[in-house]
Amino acid sequence: MLQPLLRRTWAPQGQTPLSPAWDRHDRLSVISALTVSPDRRRLRLFFAVHEQNIRTPHVLEFLRELRRHLRRRSTVVWDRWNVHRSAARQIAQEHADWFDFEWLPAYAPDLNPVEHIWNHTKYGDLANFIPDNLLHLNVAVHWSLIRKERQQSSLRSCFRGAQLTL
């Protein structure tokens with residue numbers, strides 16, 4: 001969101017740090033996937049940023065793009081968000097040979113490795129960040145996610161955080 005996520009910070013004693021921000025509620029929505037190559041166990045992060053709430057057509061577009069990159073039948077592990085279920089039904093009807101779908105238990109974000117990426121992005125890289133506008137926020141989100149995408153150790157830590165083995 002354009003409203004900053006304020007975290008603790010350091011300042012000289014008696015000088016309260018000020019973060020000038022305005023009351024704007026514009027926001028970005030991001031969809032992402034962590035992939036594991038079956039042979040080398042190499043991890044990759046795919047993501048797409050939208051300026052509106054993610055709906056089923058956005059998820060379908062993301063899955064089609066993911067399929068173009070992976071070029072093989074893959075298993076998608078999802079939470080039980082209605083948009084995910086709707087997209088899974090539509091993809092299964094149109095392209096039954098593209099994906100197998102597995103579902104995380106309800107209300108279990110701690111089991112989802114992608115949630116660890118979002119936590120680090122929001123509460124780490126973008127903590128105390130005050131964007132000027134949506135473009136500024138978009139650039140910062142891309143920068144954070146691209147940096148994570150290039151670090152195998154960071155992506156592997158998301159699986160360890162979810163207590164999953166590769």
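## Helices α3 and α4

In helix α3, the residues I117, W118, H120, T121 and D125 meet W143, S144, L145, R147 and K148 of helix α4. Sorted by character, the residues of this contact comprise four nonpolar, three polar and three charged. The model described here is a predicted one.

Two packed helices are described by the angle between their axes and the distance between the axes. For α3 and α4, the angle is about 125° and the axes are 11 Å apart. That angle makes α3 oblique to α4, because angles over 145 degrees would count as roughly antiparallel and those from 65 to 115 as roughly perpendicular. The crossing of α3 past α4 is right-handed.

## Residue S144 in helix α4

Is S144 buried or exposed? This residue belongs to helix α4, and its relative accessibility is 0%, so S144 counts as buried. When neighbours within four places in sequence are left aside, S144 is in contact with T121 and D125. Both T121 and D125 appear among the α3 residues that meet α4.

## Residue L134 in helix α4

Helix α4 spans residues 134–149, and L134 is found in this helix. With a relative accessible area of 16%, L134 is buried, because the cut-off for a buried residue is under 20%.

Which distance separates the C-alpha atoms of L134 and R27? The two residues stand 107 residues apart along the chain, and their C-alpha atoms are separated by 7.0 Å.

## Helix α5 and its surroundings

Helix α5 covers residues 152–161, and its buried residues are Q152, S154, L155, C158 and F159. Which elements do these buried residues pack against? They pack against β1, β2, α3 and α4.

The packing of α5 with α3 can be described in further detail. The axes of these two helices come within 8 Å and cross at roughly 120°. That makes α3 oblique to α5, and α3 passes α5 in a right-handed crossing. On the α3 side, P113, H116 and I117 take part, and they meet L155, C158, F159 and G161 of α5. The residues of this contact divide into five nonpolar and two polar, with no charged residue. I117 of α3 also takes part in the contact with α4.

## Strands β1 and β2

Strand β1 consists of residues 29–36, and six of its eight residues are buried, so the strand is largely enclosed by the rest of the structure. Strand β2 covers residues 43–50; β1 and β2 run antiparallel and are joined by eight bridges. One pairing in detail is that of S32, whose bridge partner in β2 is F47.

In a regular strand the side chains alternate between the two faces of the sheet. Between the two strands of the hairpin there are six residues, and R41 takes a positive phi near 60° there.

## Helices α1 and α2

Helix α1 (residues 56–70) and helix α2 (residues 82–94) have axes that come within 9 Å and cross at roughly 50°. That makes α1 oblique to α2. The crossing of this pair is right-handed.

Which residues make the contact? From α1 come T56, V59, L60, L63 and R64, and from α2 come V83, H84, S86, A87, Q90, I91 and E94. Six of the residues in this contact are nonpolar, four are polar and two are charged.

## Residues with positive phi

Most residues other than glycine have a negative phi, and most peptide bonds are trans. R71 is not a glycine, yet its phi is positive, at about 55°. R71 lies in the loop between α1 and β3. Its relative accessible area is 70%, so R71 is exposed.

N128 is another residue other than glycine with a positive phi, near 65°. This residue is placed in the loop between α3 and α4. With a relative accessible area of 30%, N128 is partly exposed. Q163, which follows α5, has a positive phi near 55°.

Note on methods: Residues are numbered from 1 along each chain as its sequence is written. This is a predicted model: local features need pLDDT of at least 70, side-chain atom pairs count only at pLDDT 80 or more; totals for chains, interfaces and linings use all residues. Side-chain values use heavy atoms; hydrogens and water are left out. Axes are lines fitted to C-alpha atoms, for helices over the stretch in contact, and angles run from 0 to 180 degrees between N-to-C directions. Helices (H or I, at least four residues) and strands (E, at least two) are DSSP runs, numbered from the N terminus. Angles under 35 degrees count as roughly parallel, over 145 as roughly antiparallel, 65 to 115 as roughly perpendicular and the rest as oblique. A crossing is left-handed if the near helix is turned anticlockwise from the far one by less than a right angle, and right-handed if clockwise. Contact means heavy atoms within 4.5 Å. Ala, Val, Leu, Ile, Met, Phe, Trp, Tyr, Cys and Pro count as nonpolar, Asp, Glu, Lys and Arg as charged, and the others, Gly among them, as polar. Buried means under 20% relative accessible area, exposed over 50%, partly exposed in between (1.4 Å probe, protein chains only). Two strands pair if DSSP finds at least two bridges between them.
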